[in-house]
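Open the model in a viewer and keep the selection tool at hand. The stops below say what to select next and what is there.

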Amino acid sequence: PVEGSLALSAAAAEVGSALNLPHMSALALVSESDALCTVNRSTHAELSRGSISYRHAQRIMDELQTVPSHAVPKFEEELIQLAEGRTCAQFAVKARRMRESRWPETITVRHRQALELRRVSLDPKPDGMMELCALVAAEKGQAIFNSLTASARAARSAGDERTLDQLRTDSLTSLLLKVPSSAGSSPA
């Protein structure tokens with residue numbers, strides 16, 4: 001409902017101000033907190049006990065989003081048990097496999113929803129650098145990376161001494177800016 005959205009947004013504004021967070025980051029934090037206190041109470045209890053980490057709790061909530069509502073409580077308990085004693089990375093792989101094996105029909109729907117979130121973003125880094133990130137469909141991302149790697153390996157075979165990472169980066173830059181590939185860029 002609209003009232004709930006407004007309340008979350010107002011709470012996010014306060015949290016963002018108090019913690020010096022951007023509004024969207026604060027909204028995500030408030031939304032997660034709300035879900036832990038209202039929907040995912042078992043996860044909240046285990047997080048409070050220290051049985052699982054905050055990252056585990058986030059992962060549990062992510063996995064529960066596409067589970068049929070009648071199955072959420074039981075599956076939440078199973079995920080909590082699965083999380084205990086595992087790193088978040090280990091848990092994430094097992095949790096995803098478990099959810100996908102039980103509800104394979106959600107894979108297509110989730111992929112379609114995930115495609116709606118595709119984007120390109122920038123993250124400033126020190127020393128005059130910037131990280132360019134693209135969230136794309138897995139098969140396209142892999143194909144792009146393979147193409148950049150093939151180009152880099154060809155350059156290395158031809159005697160270029162730059163690293164594969166440098167060559168991939170320079171090849172990507174060259175393709176997108178339509179300029180010849182060179183050894184990085186120098187300050188203006």
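The tour starts with the whole chain and then moves through selected residues.

**Whole chain**

Keep in mind throughout that this is a predicted model. Show the chain as a cartoon: 9 helices and 2 strands should appear. Read from the N terminus, the order of elements is α-α-α-α-α-α-α-β-β-α-α. Turn the chain along its principal axes, where the C-alpha atoms fill a box of roughly 60 × 40 × 30 Å. The radius of gyration is 22 Å, whereas a compact globule of 188 residues would have a value near 16 Å.

Now switch on the surface. The accessible area of the chain is about 13,000 Å², and carbon and sulfur atoms account for 58% of that. Of the 188 residues, 24% count as buried. Contacts can be displayed too: among those between residues at least 6 apart in sequence, 32% join residues at least 24 apart.

**Asn-20, between α1 and α2**

Select Asn-20, in the loop between α1 (2-19) and α2 (23-38). Its phi is near 55°, a positive value in a residue other than glycine. Most residues other than glycine have a negative phi. Asn-20 is exposed, at 69% relative accessible area.

**Arg-59, Glu-63 and Arg-99**

Go on to helix α4 (residues 54-64) and show the side chains of Arg-59 and Glu-63, which are 4 residues apart and thus separated by about one helical turn. They meet in a salt bridge, with N to O at 2.7 Å. How do the two partners differ in burial? Arg-59 is partly exposed at 25% relative accessible area, while Glu-63 counts as buried at 1%. Add Arg-99 to the selection, as Arg-59, Glu-63 and Arg-99 are linked in a network of salt bridges. The count for the structure comes to 10 salt bridges.

**Phe-75 and Trp-103**

The structure holds 1 aromatic pair. Select Phe-75 and Trp-103: the ring centres are 5.0 Å apart and the planes stand at 85°, so the pair is edge-to-face. Phe-75 belongs to helix α5 (residues 72-83) and Trp-103 to the loop between α6 (88-102) and α7 (106-115), so the pair ties together parts 28 residues apart in sequence. Are these residues buried or exposed? Phe-75 is buried, at 1% relative accessibility, and Trp-103 is buried as well, at 11%.

**The two strands**

Move to Arg-119, in strand β1. Leaving out residues up to four places away in sequence, Arg-119 touches Cys-133, Ala-134 and Leu-135. Draw a distance from the C-alpha atom of Arg-119 to that of Leu-135: these atoms are separated by 5.3 Å, with the residues 16 apart along the chain. Arg-119 is partly exposed, at 49% relative accessibility.

Next select Asp-127, in the loop between β1 and β2. Asp-127 is not a glycine, yet its phi is positive, at about 65°. At 77% relative accessibility, Asp-127 counts as exposed.

**The nonpolar patch**

Return to the surface and colour Val-120, Leu-122, Met-130, Leu-132, Leu-175, Leu-176, Leu-177 and Val-179, which form a nonpolar patch with about 830 Å² of accessible area together. The elements that give two or more residues to this patch are β1 (119-125), β2 (129-135) and α9 (164-177). Which element gives the most? That is α9, with 3 residues. Pick out Leu-132, in strand β2, which is partly exposed at 48% relative accessibility.

**Ile-144, in α8**

Select Ile-144 in helix α8 (residues 138-157). Ile-144 is partly exposed, at 46% relative accessibility. Draw a line to Glu-32: the two residues are 112 apart in sequence and 34 Å apart in space, C-alpha to C-alpha.

**Asp-160 to Arg-168**

Show Asp-160 and Arg-162, whose side chains meet in a salt bridge at 2.6 Å, N to O. Asp-160 is partly exposed at 22% relative accessible area, and Arg-162 counts as buried at 15%.

End in helix α9, where Asp-165 and Arg-168 are 3 residues apart and so separated by about one helical turn. Asp-165 forms a salt bridge with Arg-168, the closest N and O atoms being 2.6 Å apart. Arg-168 is buried, with a relative accessible area of 13%.

Technical notes:
Residues numbered from 1 in each chain as written. Predicted model: local features only at pLDDT ≥ 70, side-chain atom pairs only at ≥ 80, totals over all residues. Heavy atoms only, no water. Patch = residues over 30% accessible without salt bridge, like charges linked within 9 Å, V, L, I, M, F, W, Y side chains within 5 Å. Areas by Shrake-Rupley, 256 points an atom, 1.4 Å probe, with all protein chains shown as cover. Salt bridge = Lys/Arg side-chain N within 4 Å of Asp/Glu carboxyl O. Buried < 20%, exposed > 50% of the residue type's maximum accessible area, 1.4 Å probe, protein only. Rg over C-alpha atoms; globule rule 2.2 N^0.38 Å. Contact = heavy atoms within 4.5 Å. Phe/Tyr/Trp six-rings, centres within 6.5 Å; stacked < 30°, edge-to-face > 60°.
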